[in-house]
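Below are some comments on the model you sent, set out as numbered points. They begin with the pairing of strands and then move to the helix, the core and a few single residues.

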Amino acid sequence: MMLRQGLHLVRKLYRDGFKLTGLAGRQSLGQAQLPAPQPDRALTVSSWPFSSPPRDYSLPNESWTPEMQRLYDHYSALCEAETEEEKKRGPWRRLPSYNRTLKYATGGRCLSKVLQAKARLFTRNIEEPGASFEYVVFLNKQEKSCVCVFQAGHLLEGPPGHVHGGAIATIIDSVTGTLATYLSGPVMTANLNINYRSPIPLGSVVLVHSALEKVEGRKTSISCRVTSSDGGKLHTDATGLFVSINVGHLFGA
Ligand SMILES: CCCCCCCC(=O)SCCNC(=O)CCNC(=O)[C@H](O)C(C)(C)COP(=O)(O)OP(=O)(O)OC[C@H]1O[C@@H](n2cnc3c(N)ncnc32)[C@H](O)[C@@H]1OP(=O)(O)O
């Protein structure tokens with residue numbers, strides 16, 4: 001009964017232009033749901049009359065180091081830039097990030113009540129600022145790429161003083177998945193292939209660069225490089241394969 005109700009809602013929300021903000025850990029939206037002339041509108045949250053505004057976890061907080069803040073300011077400035085000829089905004093966008101995968105999507109509160117219960121997004125699950133994943137994703141629409149500024153907190157320790165490989169995989173999955181979702185709509189990770197090249201010091205700030213490799217039918221391939229904040233040191237490189245899904249797939253349909 002619950003499942004049927006849920007699937008009905010999924011279909012209805014899709015018919016009504018439902019926009020996912022967090023499916024599969026992603027911050028971005030499927031291209032199909034982005035109205036091209038006013039891209040910012042698609043990145044906003046629905047104004048549900050009785051909800052309090054959700055916290056956007058990709059905004060600066062007191063835990064951010066000066067380096068994290070510097071890189072945030074750098075990419076934010078690119079987002080403000082205008083193109084020469086038309087005084088239109090350039091290709092860069094900061095993607096907001098919430099701690100619920102469906103609740104804060106347009107129309108998602110209703111779906112969230114039925115299907116999601118108290119589910120929280122893994123990477124935004126720890127309230128203490130700076131303790132785990134501090135990150136912000138900037139998308140370059142023209143280049144079909146994105147860069148994530150990532151500061152790893154003390155809860156992500158693996159080898160003493162360094163970031164756990166699973167935490168690195170998590171941020172790679174989240175960032176490559178964000179890009180795949182933006183480009184191809186709802187997807188799930190089918191394969192991640194990761195090469196750990198040099199350890200990431202805990203508390204340091206790194207850049208996670210992702211770019212589209214190819215789209216073949218339902219398959220979207222994304223490459224990824226994690227580097228030091230000055231780009232001089234390669235920490236990790238990876239590839240991700242994402243397969244487009246019908247949202248019913250998440251509910252066993
Ligand atoms: C909600 C917050 C969570 C945050 C997490 C961040 C994002 C995630 O990590 S998503 C969760 C992790 N991923 C999963 O749990 C996915 C589990 N797997 C699945 O559900 C399915 O296997 C799924 C959807 C990936 C593919 O299944 P299905 O839709 O039946 O596709 P299927 O027909 O098997 O394959 C489609 C194509 O992809 C290819 N493919 C599928 N899996 C793989 C793979 N592992 N490696 C290579 N190719 C693959 C197939 O060969 C096929 O290719 P072609 O079209 O050329 O023949």
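1. Two strands are taken to pair if DSSP finds at least two bridges between them. By that criterion S4 and S7 pair, for nine bridges join these two strands, which run antiparallel. Within this pairing, the bridge partner of Asn193 is Thr239 in S7. Please keep in mind throughout that the coordinates are those of a predicted model.

2. As to the overall make-up, the secondary structure of the chain comes to five helices and seven strands, and their order along the sequence follows the pattern α-α-α-β-α-β-β-α-β-β-β-β. Of the 253 residues in the chain, 37% are buried. Among the contacts with a separation of 6 or more, 69% are between residues 24 or more positions apart.

3. S7 also takes part in a second pairing, since S6 and S7 pair in the antiparallel sense over nine bridges. Here Thr220 has Phe242 in S7 as its bridge partner. S6 and S7 form a hairpin with five residues between the strands, in which Gly231 takes a positive phi near 80 degrees.

4. A further set of pairings involves S1, S2 and S3. S1 and S2 run antiparallel and are joined by four bridges, with Val137 in S2 as the bridge partner of Leu95. S2 and S3 are likewise antiparallel, joined by eight bridges, and Val137 stands opposite Cys148 in S3. Seven of the eight residues of S2 are buried, so this strand is largely enclosed by the rest of the structure.

5. Lys144 deserves a look at its backbone, because although this residue is not a glycine, its phi is positive, at about 55 degrees. Lys144 lies in the loop between S2 and S3, and the hairpin formed by these strands has four residues between them. Is Lys144 buried or partly exposed? Lys144 has 18 C-beta neighbours inside 10 Å and therefore counts as partly exposed, given that a residue needs 20 or more such neighbours to be called buried.

6. Helix H3, residues 66-80, has 15 residues and reaches 21 Å from its first C-alpha to its last, which is close to the 21 Å expected at 1.5 Å a residue. Met68, Leu71 and Tyr75 are the buried residues to note in H3; they cover an arc of only 75 degrees around the axis, which puts them on the same side of the helix. The face of H3 turned away from this buried side carries the exposed residues Pro66, Asp73, Ala77 and Glu80. What covers the buried residues of the helix includes S1 (92-95), S2 (133-140), S3 (145-152) and S5 (205-216).

7. The largest nonpolar core has 40 residues, and those with the most contacts inside it are Val137, Cys148, Val149, Phe150, Ile171, Val175 and Val208. At least two residues of this core are supplied by each of H3, S1, S2, S3, H5 (165-184), S5, S6 (219-228) and S7 (234-244). Which element gives the most to this core? That element is H5, with nine residues. As general background, nonpolar side chains tend to be buried together in soluble globular proteins.

8. Val149 offers a useful view of how the parts described above meet. Not counting residues up to four places away in sequence, Val149 touches Met68, Leu71, Tyr72, Tyr75, Tyr135, Val136, Val205 and Leu207. Among these contacts are Met68, Leu71 and Tyr75, the buried residues of H3.

9. Leu192 has its place in strand S4, residues 187-196, and with 18 C-beta neighbours inside 10 Å it counts as partly exposed. Leaving aside neighbours within four places in sequence, Leu192 is in contact with Ala169, Ile172, Asp173, Ala238 and Gly240. The C-alpha atoms of Leu192 and Asn140, 52 residues apart along the chain, are separated by 22 Å.

10. On annotation, an unreviewed UniProt entry places the feature "domain: Thioesterase" at residues 161-233. In the model, the end C-alpha atoms of this span lie 18 Å apart, and the span is 27% helix and 44% strand.

How values were computed: Residues numbered from 1 in each chain as written. Predicted model: local features only at pLDDT ≥ 70, side-chain atom pairs only at ≥ 80, totals over all residues. Expected span 1.5 Å × (residues − 1). Buried ≥ 20, exposed ≤ 12 C-beta atoms within 10 Å, placed from the backbone. Arc of directions from axis to C-beta. Contact = placed C-beta atoms within 7 Å. UniProt positions renumbered as here; feature names shortened; annotations may be inferred. Core = buried A, V, L, I, M, F, W, Y, C linked by C-beta atoms within 7 Å.
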